Amino acid sequence: MNLLTKNACYIYIGLWMMYYLQQMLMISGIIAQSVFVVSIIISFYAFFQVNRYYKTGPFIKYLNIMLLILSIYGIIPIIGGWSLTGTSPMGWFNLVYLQRIYGSLLPIYVFYYYSLTRRINSDNLKYIYIVFIVFSILAFYQRYYFLSDLLDEKEVINNIGFYFVPLIPMLLLLKVKDYWKYLFVLINFAFILMSVKRGAILGGGVMIILFIIYQFKTSSWKRLAYMLCLSVIILLAVSYYAVSFYESSDILQLRVQQTLNGDSSGRDWMYSRYFSYFMDKTTALEFFIGNGANATWVLLGNYAHNDWLEFAINQGVLGIIMNVIFWTVLVWEWKHFVGLQKCRQAFGAMIVAYFLMSLHSMSIDMLPAAATLCIGYCLAMNEKAKMIKQVNSLKGKKLL
């Protein structure tokens with residue numbers, strides 16, 4: 001049992017990777033479901049441990065409230081076979097809402113807990129990073145071959161490109177040589193570019209810029225020339241690869257042309273339609289509390305691909321307020337961060353990445369494991385720094 005407890009973090013990460021690589025590993029049915037259930041049980045265990053025994057900041061406290069509200073929305077169609085929008089004929093689909101929410105948000109508690117208990121620390125974080133990057137590459141090709149066979153196309157748009165975005169700011173936390181960090185930046189951006197997902201390319205590009213800026217800010221004058229050389233080399237390498245890939249990729253050329261022509265892959269039409277539905281076709285009750293879990297899919301045939309519209313349709317004004325508070329509290333945590341500078345920088349970069357994603361895609365219910373680890377670890381390091389600061393402030397004071 002001691003060995004199991006000692007390696008609980010690696011087991012947890014491995015279970016999630018098994019679940020998302022089930023096609024490649026050829027597991028399905030009861031096995032895949034069991035892996036998911038065990039992962040969620042571990043997640044809830046960490047949730048209760050964190051809230052019962054450990055000090056938490058404003059974000060974790062608010063996340064508790066948000067999860068409770070979203071759980072109520074997700075449980076309604078499961079226990080009643082219906083949603084706030086009426087009877088849903090999709091049966092099993094009623095479970096998907098909670099699966100997405102729990103699979104995205106609960107791991108934050110797990111990684112927060114493992115970071116506070118030192119199962120995740122600055123020494124083993126670099127090895128966990130290697131595992132994440134290998135997993136992301138495997139998931140990328142799993143998705144690629146699935147879509148390639150399905151569409152009978154050599155070039156496809158691959159959503160797994162989003163998995164590589166949080167791996168760039170996570171590099172700020174690693175205790176490795178700078179040239180390794182820059183090499184990983186190049187690898188991550190290569191897969192982001194190959195995914196041909198414009199949102200991922202935008203997010204990845206912004207993360208690279210922030211990464212380089214932060215590297216300069218934390219460098220001494222003696223290392224400045226060295227960092228400048230590395231930055232120039234990586235920017236030239238990224239530019240060269242991007243141009244080469246663009247010249248050889250018909251689909252990337254098409255996507256660039258679509259972007260220049262203002263083609264948003266139907267998002268303008270979709271957003272207008274969803275906003276119009278929210279404003280004009282909801283009753284007073286639906287306007288304020290929403291149409292229920294998965295309402296975007298049930299009523300309009302697809303997810304909103306925008307967190308703000310997704311909350312508006314599903315949870316109404318209540319959902320929009322929840323989302324505003326979610327981002328406000330995250331920014332508050334960053335602004336009042338007292339932990340290590342590299343943790344503050346990584347945490348801030350994650351906020352920027354996923355806020356951008358919330359405007360053109362889904363972020364809150366689609367956080368990859370690397371993102372939740374980075375968030376959970378940074379929050380835990382901040383709480384540790386607060387406790388140390390509090391203890392130091394008490395030293396030398398006479399107790400009454």
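What covers the buried residues of helix H13? Hold that thought while I set the scene.

This is a predicted model. The protein's secondary structure comes to 18 helices and two strands. Its radius of gyration is 22 Å. The globule rule gives 21 Å for 400 residues, so the protein is as compact as a globular protein of that length. Along the principal axes, the C-alpha trace spans about 65 × 65 × 40 Å. Of the 400 residues, 50% count as buried. Now take contacts between residues at least 6 apart in sequence: 76% of them join residues at least 24 apart.

Back to H13. This helix runs over residues 267-280. It has 14 residues, and at 1.5 Å a residue it should span 20 Å. Its end C-alpha atoms are 19 Å apart, which agrees.

Which residues of H13 are buried? They are Arg-267, Met-270, Tyr-271, Tyr-274, Tyr-277 and Phe-278. These cover an arc of only 130° around the axis, which puts them on the same side of H13. Why can spaced-out positions share a side? An α-helix has 3.6 residues a turn, so residues three or four places apart point the same way. On the other side of H13, Asp-268, Trp-269 and Asp-280 are exposed.

So much for the two sides; here is the cover. It includes four helices: H14 (284-289), H15 (295-300), H16 (307-335) and H17 (341-360).

Remember H16 and H17. They come up again in a moment.

Next, the aromatic rings. The structure holds 36 aromatic pairs. One of them joins Tyr-141 and Phe-191, edge-to-face. Their centres are 6.0 Å apart, with 85° between the planes. Where do the two rings sit? Tyr-141 is in helix H7 (residues 125-151), and Phe-191 is in helix H9 (residues 178-195). The pair therefore ties together parts that are 50 residues apart in sequence.

Are these two buried or partly exposed? Tyr-141 is partly exposed, with a relative accessible area of 31%. Phe-191 has 10%, and it is buried, because the cut-off for buried is under 20%.

A second edge-to-face pair is Trp-308 with Phe-355. Here the centres are 6.4 Å apart and the planes are at 80°. Trp-308 belongs to H16 and Phe-355 to H17, so this pair links distant parts of the chain, 47 residues apart. Phe-355 counts as partly exposed, at 34% relative accessibility.

Rings also gather in groups. Ring pairs link Tyr-12, Trp-16, Tyr-19, Tyr-20, Phe-36 and Phe-111 into a cluster.

Then there are arginines over rings. What lies over the face of Tyr-303? Arg-100 does, at 4.2 Å from the ring centre. Likewise, Arg-344 lies over the face of Trp-334, at 4.2 Å from the ring centre.

One last residue: Ser-43. It is found in helix H4, residues 29-53. Its relative accessible area is 0%, so Ser-43 is buried. What does Ser-43 touch, leaving out residues up to four places away in sequence? The answer is Tyr-12, Leu-106 and Val-110. Tyr-12 should ring a bell: it is part of the ring cluster I just listed.

To recap: H13 has its buried residues on the same side, and helices including H16 and H17 cover them. Trp-308 and Phe-355 link H16 with H17. That's my tour.

Key: Residues are numbered from 1 along each chain as its sequence is written. This is a predicted model: local features need pLDDT of at least 70, side-chain atom pairs count only at pLDDT 80 or more; totals for chains, interfaces and linings use all residues. Side-chain values use heavy atoms; hydrogens and water are left out. The expected span of a helix is 1.5 Å times one less than its number of residues. Buried means under 20% relative accessible area, exposed over 50%, partly exposed in between (1.4 Å probe, protein chains only). The arc is that of the directions from the helix axis to the C-beta atoms. Contact means heavy atoms within 4.5 Å. Rings of Phe, Tyr and Trp (its six-membered ring) pair if their centres lie within 6.5 Å; planes under 30 degrees apart count as stacked, over 60 as edge-to-face and the rest as tilted. A charge sits over a ring if NZ of Lys or CZ of Arg is within 6 Å of the ring centre and within 35 degrees of the ring normal. The radius of gyration is taken over C-alpha atoms; the globule rule is 2.2 Å times the number of residues to the power 0.38.
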